[in-house]
Amino acid sequence: MLALGMVQKLNTQMNLEYNASNRYLRLSEWCAKRKLTGTAIFLRTQAQINVTRMMRVFDFMKKSGANPVVATTNPIEEQCTNLEELFSQTMMDFQHRSETLTKLIEEARSQNDAATLAFLTQIATEREEHGLLLQTIFEEVRHAGQAGMKMEQTDQHLLNVVNYQQH
């Protein structure tokens, strides 16, 4: 059985992933409205990754005898005018969730909770891969903006980067 404090923190992490999934979907819609198809597809894929991660935390909690609670969300309207702002916001959110996960791992380690530590370490390893991809894309978008590329051109370039990363 998980300690009460750990249950609350796992719930927080689970809900952060859920909220991130919703954020990615809203940003995907923003891109779709501007005909930035490559970025919209990428963001929907990220939304799926986050909801899957959320479900993994949910399942882990259930298997550990805890009662996960999915909080209702109040969508925050993302304020961005270009892809650089969009990915800047995405990176800040990613970093926040990563910091929370790191603290959770430290707590599991300090409580000698081997099962939770192993689970969270696996999640963190996967998150690092996604973080590298997000950082690469953010840098590509920033360079494209500095080079004077239009959003549509940047979107196409982004699609090429994502396709290259996946192969």
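How many Å should the 27 residues of H2 span at 1.5 Å a residue, and how far apart are its end C-alpha atoms? Keep that in mind while you get your bearings; we'll come back to H2 shortly.

**Start with the whole chain**

This is a predicted model, so treat everything on the tour that way. Colour by secondary structure and you should find five helices and zero strands. Walking from the N terminus, the elements go α-α-α-α-α. Zoom out until everything fits: along the principal axes, the C-alpha atoms fill a box of roughly 55 × 30 × 25 Å.

**Select H2, residues 37–63**

Now for that opening question. At 1.5 Å a residue, H2 should span 39 Å, and its end C-alpha atoms are indeed 39 Å apart, so the two agree. Step off the end of the helix and click on Gly-65, which follows H2 and has a positive phi, near 90°.

**Add H1, residues 4–33**

Keep H2 on screen and bring in H1. The two axes come within 8 Å of each other and cross at roughly 165°. That angle makes H1 roughly antiparallel to H2. As for handedness, the crossing of H1 and H2 is left-handed. Colour the contact between H1 and H2 by residue class and you get 19 nonpolar, six polar and three charged residues.

**Swap H2 for H4, residues 114–146**

Hide H2 and show H4. This helix has 33 residues, and its first and last C-alpha atoms are 47 Å apart, close to the 48 Å expected at 1.5 Å a residue. Just after H4, have a look at Gly-148, where phi is positive at about 85°.

With H1 still displayed, compare directions. H1 and H4 pack at about 25°, and their axes are 14 Å apart. So here H1 runs roughly parallel to H4. H1 passes H4 in a left-handed crossing.

To see who touches whom, turn on side chains:

- On the H1 side, pick Met-6, Leu-10, Gln-13, Glu-17 and Tyr-24.
- On the H4 side, pick Thr-116, Leu-120, Arg-127 and Leu-134, which those H1 residues meet.

By class, the contact of H1 with H4 comes to five nonpolar, two polar and two charged residues.

**Follow Glu-17 over to H3, residues 83–110**

Leave Glu-17 selected, since this H1 residue that takes part in the contact with H4 has another partner. Which residue does the side chain of Glu-17 meet in a salt bridge? Select Arg-97: the bridge is 3.1 Å, N to O. Glu-17 sits in H1 and Arg-97 in H3, so this pair ties together parts that are 80 residues apart in sequence. If you feel like hunting for others, a search of the whole structure finds eight salt bridges.

**Last stop: H3 with H4**

Hide H1 and show H3 beside H4. These two pack at an angle of about 160°, with 10 Å between their axes. That makes H3 roughly antiparallel to H4. The way H3 passes H4 is again a left-handed crossing. What does the contact of H3 with H4 have, by class? Colour it and you'll find 16 nonpolar, eight polar and five charged residues.

Methods:
Residues numbered from 1 in each chain as written. Predicted model: local features only at pLDDT ≥ 70, side-chain atom pairs only at ≥ 80, totals over all residues. Heavy atoms only, no water. Axes fitted to C-alpha atoms, helices over the stretch in contact; angles between N-to-C directions. Helix = DSSP H or I, 4+ residues; strand = E, 2+ residues; numbered from the N terminus. Parallel < 35°, antiparallel > 145°, perpendicular 65-115°, else oblique. Left-handed = near helix turned anticlockwise from the far one by under 90°. Nonpolar A, V, L, I, M, F, W, Y, C, P; charged D, E, K, R; others polar. Expected span 1.5 Å × (residues − 1). Contact = heavy atoms within 4.5 Å. Salt bridge = Lys/Arg side-chain N within 4 Å of Asp/Glu carboxyl O.
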